[in-house]
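Visitor: I am new to this structure. Please take a close look at the loops, and then carry on to the aromatic rings and the cysteines.

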Amino acid sequence: MPQYIHIIAFNIPFPPNYGGVIDVFYKIKALREANIKIILHCFEYNRGKSSLLESYCEKIYYYKRNTGILPNVSLLPYIVVSRKNKELIKNLQKDNYPILFEGIHCCYYLGNKNLKNRTKLYRSANIEHVYYWNLFKSEKNSFKRKGFYLIEAFRLWLYEKNIAHATCIFPISQKETDYFTRKFPRNTVLFLPAFHQNDKLSCKEGKDEYILYHGNLSVAENEAAAIFLIRKVFNDLPYPLIIAGLNPSGRLKALVSQNPHVSLIDTPSDEEMRELIQNAHIHVLITFQATGLKLKLLNVLFEGRFCLTNGKMLEGSGLSELCQQADSFEEIKTKIVSLMEQEFSAHEIQKRKQILLSTYSNRQNIQILINQLS
């Protein structure tokens with residue numbers, strides 16, 4: 001008899017072009033390849049319905065998010081209460097299949113009495129109240145948004161206790177596995193590495209002339225990292241820096257225009273982004289908050305050359321052996337100068353294969369989840 005699973009996704013997980021949905025989409029793909037039948041529930045949020053997803057799933061339900069002012073007038077987190085939907089709980093009760101809640105965003109019904117005897121799996125991509133606290137600290141452009149991040153961090157901190165209703169918790173990094181193991185000692189907590197697009201390495205040997213920073217530039221944390229690089233690192237380095245990503249702000253565009261060594265590629269296509277990643281000589285990946293696993297780090301290690309990161313980017317990833325680490329702008333400059341003189345070698349690629357394919361194999365890791373379905 002075939003196995004079925006409900007998956008509740010916080011957004012439509014296609015195209016897989018930013019952190020959270022990358023993990024969701026490639027998890028769906030891996031489940032399908034393992035002959036698990038999927039009933040997908042997703043909230044429509046600035047993305048269209050996907051015919052490709054229909055080829056992976058037995059059934060897809062789409063729900064409208066309840067956005068606006070009213071969901072904000074609550075002690076419940078906005079990202080949770082805006083995904084409250086009566087049709088969702090009705091559809092979940094049509095059978096007795098296990099349910100995977102993708103992130104705390106989708107957990108409004110996790111403790112619902114009508115799901116009391118169900119297998120309920122919780123996927124954590126972040127310790128969300130910490131993530132929002134750091135968004136609060138990173139936000140420089142909007143006082144209103146800064147206030148929302150602060151209130152949401154508090155609400156998420158209060159709400160986190162509801163995760164105890166999960167049968168099993170699947171954190172995305174080892175650091176967060178340790179956190180949830182301490183926080184919920186009565187629950188099963190299993191490290192489940194991120195799912196991603198790479199079945200094999202496609203790194204190129206040799207060298208190129210430019211350095212790349214990429215990410216979703218509409219996220220305050222990523223914009224802050226890009227601004228840090230422009231002002232503190234590439235203010236007097238002679239090497240070209242390309243910043244690429246989704247929806248850069250006017251502030252970032254203006255700052256780029258003032259530096260002759262920095263260029264900006266606004267919302268590149270998937271193919272353009274892949275070419276940028278594969279051809280860059282150095283990837284500078286900086287973060288100011290050590291939450292989750294940064295999927296762009298994983299993607300760069302599968303597809304790119306040298307990876308230069310700070311310590312917070314590496315925490316809990318198990319990938320420090322494959323990266324160059326620098327934490328101050330002086331250290332970053334020194335490492336860049338050194339790496340620009342080096343060739344990326346076959347030896348480096350072989351070392352990546354040994355580590356990445358043992359820890360971050362989608363086919364291998366999906367069995368961790370499947371083992372908890374019964």
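Guide: First, a term. Helices and strands here are DSSP runs, counted from the N terminus: a helix has at least four residues, a strand at least two. One caution comes next: this is a predicted model.

Start with the loop between β1 (4-9) and α1 (19-33). P15 is found there. Look at its link to F14. A cis peptide bond joins F14 and P15. Its omega is about 0°.

Go on to the loop between α1 and β2 (37-44). That is where you find N35. N35 is not a glycine, yet its phi is positive, at about 65°. Is N35 buried or exposed? Its relative accessibility is 63%, so N35 counts as exposed. The cut-off for that word is over 50%.

The loop between β2 and α2 (51-56) holds N46. Here too a residue other than glycine has a positive phi, near 65°. N46 has a relative accessible area of 73%, so it is exposed.

Now take the loop between β3 (59-64) and α3 (78-81). L75 sits in it. With 64% of its relative area accessible, L75 is exposed. What does L75 help to make? Together with F154 and W157, L75 forms a nonpolar surface patch of about 370 Å².

One more loop runs between α9 (250-257) and β10 (262-266). It contains Q258. Q258 is exposed, at 62% relative accessibility. Pick out I230 as well. Q258 and I230 are 28 residues apart along the chain. Their C-alpha atoms are separated by 9.6 Å.

Leave the loops for a strand. H214 belongs to β8 (residues 211-216). H214 is buried, at 8% relative accessibility. Compare its place with that of A9. The two are 205 residues apart along the chain, and 25 Å separates their C-alpha atoms.

Next come the aromatic rings. How many aromatic pairs does the structure hold? The count is 19. Y61 and Y63 make one of them: their ring centres are 6.5 Å apart and their planes meet at 25°, so this pair is stacked. The angle decides the word, because planes under 30 degrees apart count as stacked. Both partners are covered. Y61 is buried at 17% relative accessibility. Y63 is buried as well, with a relative accessible area of 3%.

Another pair brings Y132 and F148 together. This one is edge-to-face, with 6.4 Å from centre to centre and 80° between the planes. Where do its two rings come from? Y132 is in helix α5 (residues 128-138), and F148 is in helix α6 (residues 143-159). They are 16 residues apart, and the pair links distant parts of the chain. Their exposure is described by two terms. Y132 counts as buried, at 10% relative accessibility. F148 counts as partly exposed, at 21%. The line between those terms is drawn at 20%.

Both rings also belong to a cluster. Its members are Y78, Y131, Y132, F148 and Y149.

Some rings have a charge over them. The charged end of R65 sits over the ring of Y45, 4.5 Å from the ring centre. K146 lies over the face of F136, also at 4.5 Å from the centre of the ring.

Last, the cysteines. A disulfide is a covalent bond between the sulfur atoms of two cysteines. How many disulfides does a search of the whole structure find? The result is zero. Distances show why for two of the cysteines. For C57, the closest cysteine sulfur is in C42, and at 8.0 Å that is too far for a bond. For C168, the closest is in C107, at 13 Å, which is again too far. A disulfide would need two sulfur atoms within 2.5 Å. C57 counts as buried, at 7% relative accessibility. C168 counts as buried too, at 0%.

Terms used: Residues numbered from 1 in each chain as written. Predicted model: local features only at pLDDT ≥ 70, side-chain atom pairs only at ≥ 80, totals over all residues. Heavy atoms only, no water. Patch = residues over 30% accessible without salt bridge, like charges linked within 9 Å, V, L, I, M, F, W, Y side chains within 5 Å. Areas by Shrake-Rupley, 256 points an atom, 1.4 Å probe, with all protein chains shown as cover. Salt bridge = Lys/Arg side-chain N within 4 Å of Asp/Glu carboxyl O. Buried < 20%, exposed > 50% of the residue type's maximum accessible area, 1.4 Å probe, protein only. Phe/Tyr/Trp six-rings, centres within 6.5 Å; stacked < 30°, edge-to-face > 60°. Lys NZ or Arg CZ within 6 Å of the ring centre and 35° of its normal.
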